[in-house]
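Hi everyone, thanks for making time. I'll put the structure up and then walk you through it, starting with the whole chain and ending with a few single residues.

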Amino acid sequence: MIKAAILGYGTVGSGVYEVIRKNRDIITDRLGEEIQVKYVLDLREFEGDPVQEVLVHDADTIINDAEIAIVCETMGGEHPAYEFTKRALESGKSVCTSNKELVEKHGPELIKIAKEHKCSYLFEASVGGGIPIIRPLRTSLAQEEILSITGILNGTTNYILTKMENEGLAFETVLARAQEKGYAEKNPDADILGYDACRKIAILSSLAYGKKVNFEDITTEGITAITAVDFAYAKKMGATIKLFAKSVKKGDKYYALVAPFIVGPENPLYAVKGVFNAILVNCNMGGETMYYGKGAGKLATASAVVADVLDCARHVGKHLDIRWEEQKLEISPIDGAVRKFFVRVSCTDEAKIRKHFGDVEMYTDIVAGECGFVTEEMTEAEYREKAAKFGSVLSMIRVD
């Protein structure tokens, strides 16, 4: 029997407890021995809940118990999760987590500590919820050079954009609905401003390229400026709008970006609707692979945590290595990234537009007194220069 503990009995922590209890026979059969949750740490009481039997209020109870081999950190936030995780690893206990903030900030350090103490620090659930993506990058794609990662990494924003597209509703209206349904937080800034997706692409980029990517270095734009008119233009193009988190390797340069993109039906991510997430990985030998599923939710995320628990249980006393150095990966300024741009302008003078932007693809008859167009490929810096000289730009959305 392998004994485990859970730090935090919130949404994910209670899900982990439920998955281990309900799937006990399946887990035992596949692992060859039982996983038993000996402790659950939380400051609250849960009268009438079976967890009350194993509930503790002091982290020392868990960290000082030599029987505990695996700790599930589902507290969220940086502190005290960081301190508890570090102490658990230093005591030789493997830690499995869903905490993207902690992983993004301290991943290399905690992996190093785990290696020094012959245990593991695993975090499959920190990106994409129930979608397996960390493990494929660590194992199945270890032989590949990762050329790019493009993901729909936030279910809240994808739900909002899907509703705006399908029902022609304003952003504010759909956000209110998402909050009513529990898809969006009372303070939704981390989602709608792109910060959540930014932390996730920082983690994926770090794993893909082996060095630390700081999320502060990633250009990040949310979806608050997207309107029903933008979707009307996208529909005329036979396309849609998605919030993409991207990282790209071009020669010896690395680019990263979180922003809305115009996406055509030839892109596999075009069909990802509602609260679902998906990640497209392009490799130099195997080409494209795509990972799709529920990017959040109690049981989906908990299932990913428990998958890491099983991995650690199979390798008690050993370190499952993850290549992620503490050395910083330099992200090149977005100015040099090359792509097409969809632009709306308060002008219908095609000759003037072509004079400034070159050979463009025009879209008219959507809104009186304005038009939209898709530019040729150019760098971000070139686009900004042309837009500044033109002077009548209403909005811009990048084209994937």
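So, counting up the secondary structure, this protein has 14 helices and 19 strands. The radius of gyration is 23 Å, close to the 21 Å that the globule rule gives for 400 residues, so the protein is as compact as a globular protein of that length. Keep in mind, please, that what you're looking at is a predicted model.

Now the outline. Along the principal axes, the C-alpha trace spans about 75 × 45 × 35 Å. Of the 400 residues, 54% are buried. As for the outside, about 17,300 Å² is exposed, and carbon and sulfur atoms supply 48% of that. Charges next: there are 49 positive and 59 negative ones, and their mean positions are 2 Å apart.

How do distant parts of the sequence come into this? If you take contacts between residues at least 6 apart in sequence, 71% of them join residues at least 24 apart.

Okay, let's go inside. The largest nonpolar core has 116 residues. Which residues have the most contacts inside that core? They are Tyr121, Phe123, Ile160 and Leu204. Helix α10, residues 195–209, gives the core its largest share, with 9 residues.

Let me stay with Ile160 for a moment. Setting aside neighbours within four places in sequence, Ile160 is in contact with Phe171, Val174, Leu175, Ala178, Ile192 and Ile223.

From there we can hop to Val275. Its C-alpha atom is separated from that of Ile160 by 8.6 Å, although the two residues are 115 apart along the chain. Where does Val275 sit? Look in the loop between β11 (253–263) and β12 (276–283). Val275 is partly exposed, with a relative accessible area of 31%. Leaving out neighbours within four places in sequence, Val275 has contacts with Gly155, Tyr159, Tyr183 and Gly295.

There's another long-range pair you can look up on the screen. Ile366 and Ala232 are 134 residues apart in sequence, yet their C-alpha atoms are 7.0 Å apart in space. Ile366 lies in the loop between β16 and β17. Is Ile366 buried, exposed or partly exposed? With 28% relative accessibility, Ile366 counts as partly exposed. And beyond residues up to four places away in sequence, Ile366 touches Val229, Ala232, Tyr233 and Lys236.

While we're in that loop, have a look at Asp365, which is also placed between β16 (361–363) and β17 (371–374). Phi of Asp365 is near 65°, a positive value in a residue other than glycine. Asp365 is exposed, with a relative accessible area of 70%.

Lys118 gives us another positive phi, near 55°, and again the residue is not a glycine. You'll find Lys118 in the loop between α5 (100–116) and β6 (121–122). Lys118 is exposed too, at a relative accessible area of 57%.

Last stop, the backbone at Pro80. What kind of peptide bond runs from His79 to Pro80? That bond is cis, with omega near 5°. Pro80 itself is in the loop between β4 (68–73) and α4 (81–90).

If you'd like to retrace the tour later, begin with Ile160 in the core, go on to Val275, and then try the loop that holds Asp365 and Ile366. That's all from me, thanks!

Terms used:
Residues are numbered from 1 along each chain as its sequence is written. This is a predicted model: local features need pLDDT of at least 70, side-chain atom pairs count only at pLDDT 80 or more; totals for chains, interfaces and linings use all residues. Side-chain values use heavy atoms; hydrogens and water are left out. Helices (H or I, at least four residues) and strands (E, at least two) are DSSP runs, numbered from the N terminus. The radius of gyration is taken over C-alpha atoms; the globule rule is 2.2 Å times the number of residues to the power 0.38. Buried means under 20% relative accessible area, exposed over 50%, partly exposed in between (1.4 Å probe, protein chains only). Contact means heavy atoms within 4.5 Å. Accessible areas come from the Shrake-Rupley method with a 1.4 Å probe; for residues, only the protein chains shown count as cover. Lys and Arg count as positive and Asp and Glu as negative; His and the chain ends are not counted. The place of a charge is taken as NZ of Lys, CZ of Arg, CG of Asp or CD of Glu. A nonpolar core is a set of buried Ala, Val, Leu, Ile, Met, Phe, Trp, Tyr and Cys residues joined through side-chain atoms within 4.5 Å.
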